[in-house]
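Grab a pencil and work through these exercises at your own pace. Try each task before you read its solution.

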Amino acid sequence: EKEGRVERSLSSAERFRKHFEGRERVLLAVVHVVDLEQTLLNVNRARNAGADGVFLINHGAVRWEALADITLEVLKNLTSRNIKFWVGINVLGLMALELFKQFPTDFILAGLSGVWCDESGVDELQPPHLQGYPSRVKKQIEAKLGDSNSNPILYFGGIAFKYHRPVNAKHLPAAAKAAAPWMDVVTTSGDATGKQADVEKIKLLRLGLKTSQDVLAIASG
């Protein structure tokens with residue numbers, strides 16, 4: 001509350017634009033983390049090529065703990081060179097609730113900007129207010145990071161994502177609508193690695209995101 005008035009919560013789109021200096025469309029490169037040297041090399045390549053940011057992913061044998069350590073070193077390296085560059089993480093093998101329970105506070109201090117989870121736990125057959133797992137995730141995020149006005153991390157939540165539970169095409173609008181209140185960026189992908197998302201799939205998801213305050217991300221196949 002400020003000056004006797006209740007502060008309005010920022011919408012997902014407002015939080016997104018705040019992260020990206022007003023831009024409504026961005027390109028975030030994906031770096032499959034192997035070690036610190038390789039990760040720094042590819043983060044710098046992405047930045048020099050004009051990407052708006054990067055997601056660091058523990059692809060292959062890299063464990064979550066190693067990804068966390070390397071991510072912190074990358075953030076420290078960028079800070080030491082006075083480089084402001086958007087960096088997020090995608091932790092394979094952890095569901096969103098488990099990840100945010102383990103979320104290191106060092107990430108916030110170091111300047112991490114985003115978290116992407118392939119599976120957000122949305123049930124497309126239930127309305128938004130009956131989304132049990134996603135609501136628990138949001139409560140955990142708020143407990144750990146603060147509300148939409150103070151939380152510095154954008155949450156990208158996956159729906160109809162490759163290698164996870166498929167969603168029937170007729171339920172895609174409902175899935176997007178159910179997901180939107182519980183995350184900053186509704187995120188989907190193609191059917192498999194190397195396959196881009198079908199345009200009709202994207203149109204159906206966008207149909208469920210009926211307001212300009214909802215944000216949709218498309219991960220490369």
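Helices and strands here are DSSP runs, numbered from the N terminus, with at least four residues for a helix and at least two for a strand. Keep in mind that this is a predicted model.

**Exercise 1.** Find where Gln131 is located and work out whether it is buried or exposed.

*Solution.* Step one: look in the loop between strand 4 (114–117) and helix 6 (132–145), and there's Gln131. Step two: buried means under 20% relative accessible area. Gln131 has 2% relative accessibility, so it counts as buried. Step three: check its surroundings. Gln131 touches residues including Gly121, Val122, Ala178 and Trp182. Its side chain also reaches the backbone oxygen of Asp123 at 2.7 Å.

**Exercise 2.** Test whether the length of helix 2 (residues 36–48) agrees or disagrees with 1.5 Å a residue.

*Solution.* Step one: take one less than the number of residues and multiply by 1.5 Å. Step two: helix 2 has 13 residues, so the span should be 18 Å. Step three: compare with the end C-alpha atoms, which are 18 Å apart, so the two agree.

**Exercise 3.** List the buried residues of helix 2, then say what covers them.

*Solution.* Step one: the buried ones are Gln38, Thr39, Leu40, Val43 and Ala46. Step two: the cover includes strand 1 (28–32), strand 2 (53–57) and helix 3. Step three: look at both ends. At the start of helix 2, a side-chain oxygen of Asp35 comes within 3.3 Å of the backbone nitrogen of Glu37. After helix 2 comes Gly50, with a positive phi near 100 degrees.

Conventions: Residues are numbered from 1 along each chain as its sequence is written. This is a predicted model: local features need pLDDT of at least 70, side-chain atom pairs count only at pLDDT 80 or more; totals for chains, interfaces and linings use all residues. Side-chain values use heavy atoms; hydrogens and water are left out. Buried means under 20% relative accessible area, exposed over 50%, partly exposed in between (1.4 Å probe, protein chains only). Contact means heavy atoms within 4.5 Å. A polar contact is a pair of N or O atoms within 3.5 Å; within protein, one must be able to donate a hydrogen and the other to accept it, and residues adjacent in sequence count only if both atoms are side-chain atoms. Lists of a residue's contacts leave out its neighbours within four places in sequence.
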